[in-house]
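Thanks for coming, everyone. I have one structure to show today, and I'd like to walk through it residue by residue before stepping back. Please have a look at the screen.

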Amino acid sequence: MIELKDYPVIYEQKVAWGDMDLFGHVNNVQYYRYMESARICYFDELNIFQQDVLTVVASNQCKYLNSVFYPDQLKIGVRVEELRNSAMRMSYLIWSVQQQKIAATGEAVIVCVDKVNMQKTAMPEIIRQNIQQIELRAQHNI
């Protein structure tokens, strides 16, 4: 079973009152925003925004396992599951501190795009190396 400790980057997110919908739980769209914030946290560690590439979400999905309510604190684990020539597949685990269980899991495929011609391009080698270093942390529980 996948656990939060298996993720090298963990982003903390407070659930805001406005995140809830008419049914009194966090709206499904918010989960994608939470995953996006976790992804940006990971990308900040990569210094990817200083490179000559942009990152574009090609696909994403979320599996809702347990409803989340205000006030809660979420811990969102993010990792790279697969490196491709010009893309990466990332996974997310959203942990509810209030409930002490997984609220949702998700995946996204992120593609590198050249800043000038806006076409798919190879992932910079420095980014690939940085990803491998970050992912080693989870393997060694550093």
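Start with Q132. Is Q132 buried or exposed, or something in between? At 44% relative accessibility, Q132 counts as partly exposed. Bear in mind that this is a predicted model, so every value I give is computed. Q132 sits in helix α2, which runs over residues 125-139. Now look across to V80. Along the chain, Q132 and V80 are 52 residues apart, yet their C-alpha atoms are separated by 8.8 Å.

Stay in helix α2, because E135 is there too. The accessibility of E135 is another matter. E135 has 12% relative accessibility, so E135 counts as buried, the cut-off being under 20%. What does E135 touch, leaving out residues up to four places away in sequence? The list is P8, Y42, R79 and V80. V80 also came up with Q132, at 8.8 Å between C-alpha atoms. One further pair for E135: D6. These two are 129 residues apart along the chain, with 9.4 Å between their C-alpha atoms.

Next, the other end of the chain. I10 is in strand β1, residues 9-14. Its relative accessibility is 37%, so I10 counts as partly exposed. I10 touches L4, K75, I76 and G77, again not counting residues up to four places away in sequence. For a distance, take I10 and Q129. They are 119 residues apart along the chain, and their C-alpha atoms are separated by 20 Å.

Then N47. Where is N47 found? N47 is in the loop between α1, residues 28-46, and β2. With a relative accessible area of 43%, N47 is partly exposed. N47 and M35 are twelve residues apart in sequence, and 18 Å apart in space, C-alpha to C-alpha.

Now the backbone. Most residues other than glycine have a negative phi, and most peptide bonds are trans. Here are the exceptions I want to point out.

The peptide bond joining Y70 and P71 is cis, with omega at about -5 degrees. P71 lies in the loop between β2, residues 53-64, and β3, residues 73-83.

Q100 has a positive phi, near 55 degrees, and Q100 is not a glycine. Find Q100 in the loop between β4, residues 87-96, and β5, residues 101-114. Q100 counts as exposed, at 51% relative accessibility.

M118 is a non-glycine residue with positive phi as well, near 60 degrees. M118 is in the loop between β5 and α2. At 49% relative accessibility, M118 counts as partly exposed. Exposed means over 50%, so M118 at 49% does not qualify.

On to the cysteines. How many disulfides does the structure hold? Zero. A disulfide is a covalent bond between the sulfur atoms of two cysteines. Why is C62 not in one? The closest cysteine sulfur to that of C62 is in C41, 18 Å away, and that is too far for a bond. C62 is also buried, at 12% relative accessibility. C112 is in no disulfide either; its nearest cysteine sulfur is that of C41, 18 Å away. C112 has a relative accessible area of 1%, so C112 is buried.

Last, the whole protein. There are two helices and five strands. In sequence order, the pattern is β-α-β-β-β-β-α. Why call it compact? The radius of gyration is 16 Å, close to the 14 Å that the globule rule gives for 142 residues, so the protein is as compact as a globular protein of that length. Along the principal axes, the C-alpha trace spans about 45 × 35 × 20 Å.

Of the 142 residues, 40% count as buried. C62 and C112 are among the buried ones, and so is E135.

Contacts next. Take those between residues at least 6 apart in sequence: 70% of them join residues at least 24 apart.

Then the surface. The accessible surface comes to about 7,900 Å², and 51% of that belongs to carbon and sulfur atoms.

Finally, charge. The protein has 14 positive and 16 negative charges, and the mean positions of the two sets are 3 Å apart.

Key. Residues numbered from 1 in each chain as written. Predicted model: local features only at pLDDT ≥ 70, side-chain atom pairs only at ≥ 80, totals over all residues. Heavy atoms only, no water. Helix = DSSP H or I, 4+ residues; strand = E, 2+ residues; numbered from the N terminus. Rg over C-alpha atoms; globule rule 2.2 N^0.38 Å. Buried < 20%, exposed > 50% of the residue type's maximum accessible area, 1.4 Å probe, protein only. Contact = heavy atoms within 4.5 Å. Areas by Shrake-Rupley, 256 points an atom, 1.4 Å probe, with all protein chains shown as cover. Lys, Arg positive; Asp, Glu negative; His and termini not counted. Charge placed at Lys NZ, Arg CZ, Asp CG, Glu CD. Disulfide = S-S within 2.5 Å.
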